[in-house]
Amino acid sequence: METKKQIRAIFLKKRDALSGKQRAEESAMITAHILASSFYKEADSVLLFASYRTEADTFSLAGQVLCDHKKLYYPVVLGKEMEFYRVESLEELKEGYCGIPEPDALAERQFTPLDCGKVLMLMPGVCFDRAGGRIGYGGGFYDRYLEHLKSKPGVELVTAALAFSCQIAEDGAIPKEQYDISPDYIVSSKEGVIHCRI
């Protein structure tokens, strides 16, 4: 079996090969699937990521989250850890870790799960399989954050990863390690909402 590093390189090349038009069309499909889902409709708070380089665009989705009067949070990288902070306008985002847009890390805006009702986390990644396998960018930020978050009692959390159709691998193609945390769902442009068979 190929290593995670090898698989990451293969799928990054596939994603990077999409044209701007393809990315825009498939991003719009992903957004539509999310907005139609029960887990989005039921969420009080949404933890989102700012799309970067050739990732699925999340900015139109963010605008709709704000229009729907849900609480919107973005990650801030702090050393080897990550925390989420609330934004009320996309204009609050500025260049941060690796050039990725981040909000200011204001203590009064830090995400505290018990104050946020039902929480939906939308995750990035390089590739996924239907069994819940996920390969990110190698930093482990989401795995560590989710391990910490899921240990808190009373948290109502749903996780969903966003993927273009070319980012879906064959079942069992992605090796899973002890500390890897699988998303509950994958939201793919052409496949729609995939309930991971974890």
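## An aromatic cluster

Ring pairs join Phe84, Tyr142 and Tyr145 into a cluster. This structure is a predicted model. It holds five aromatic pairs. One of them is formed by phenylalanine 84 and tyrosine 142. Their ring centres lie 6.5 Å apart, and the planes meet at 70°. That makes the pair edge-to-face.

The pair links distant parts of the chain. Phenylalanine 84 sits in strand β3, which covers residues 81-87. Tyrosine 142 belongs to helix α5. The two are 58 residues apart. Are phenylalanine 84 and tyrosine 142 buried or exposed? Both residues are buried.

## The largest pocket

How much space lies in the largest pocket? The answer is about 870 Å³. The lining of this pocket is made of 37 residues. Closest to the centre are Gly136, Tyr137, Gly138, Gly139 and Phe141.

Several elements give two or more residues to the lining. Two of these are helices: α1 (4-16) and α5 (141-150). The strands are β2 (71-78), β5 (101-102) and β8 (134-135). Helix α5 has already appeared, as the element that holds tyrosine 142.

What kinds of residue form the lining? By class, 19 are nonpolar and 13 are charged. Another five are polar.

## Serine 182

Now look at a single residue in a loop. Serine 182 lies between β9 (156-163) and β10 (185-188). Why does serine 182 count as buried? Its relative accessibility is 7%. The cut-off for buried is under 20%, so serine 182 falls in that class.

Which partners does the side chain of serine 182 have? One is the side chain of lysine 176, with a polar contact at 2.6 Å. Another is the backbone of glycine 132. The backbone oxygen of glycine 132 lies 2.8 Å from a polar atom of the serine 182 side chain.

## A hairpin after the loop

The loop that holds serine 182 leads to β10. Strand β10 pairs with strand β11, residues 192-195. The pairing is antiparallel and runs over four bridges. Which residue stands opposite tyrosine 185? It is histidine 195, in β11.

How many residues lie between β10 and β11? There are three, and the two strands form a hairpin.

Key. Residues numbered from 1 in each chain as written. Predicted model: local features only at pLDDT ≥ 70, side-chain atom pairs only at ≥ 80, totals over all residues. Heavy atoms only, no water. Buried < 20%, exposed > 50% of the residue type's maximum accessible area, 1.4 Å probe, protein only. Polar contact = N/O pair within 3.5 Å; in protein donor to acceptor, adjacent residues only side chain to side chain. 1 Å grid on protein atoms, 1.4 Å probe; cavity = no way out; pocket = protein on both sides within 12 Å on 5 of 7 lines; lining within 4 Å. Points joined across faces, edges and corners; volume = space filled by probe spheres on them. Nonpolar A, V, L, I, M, F, W, Y, C, P; charged D, E, K, R; others polar. Pairing = 2+ DSSP bridges. Phe/Tyr/Trp six-rings, centres within 6.5 Å; stacked < 30°, edge-to-face > 60°.
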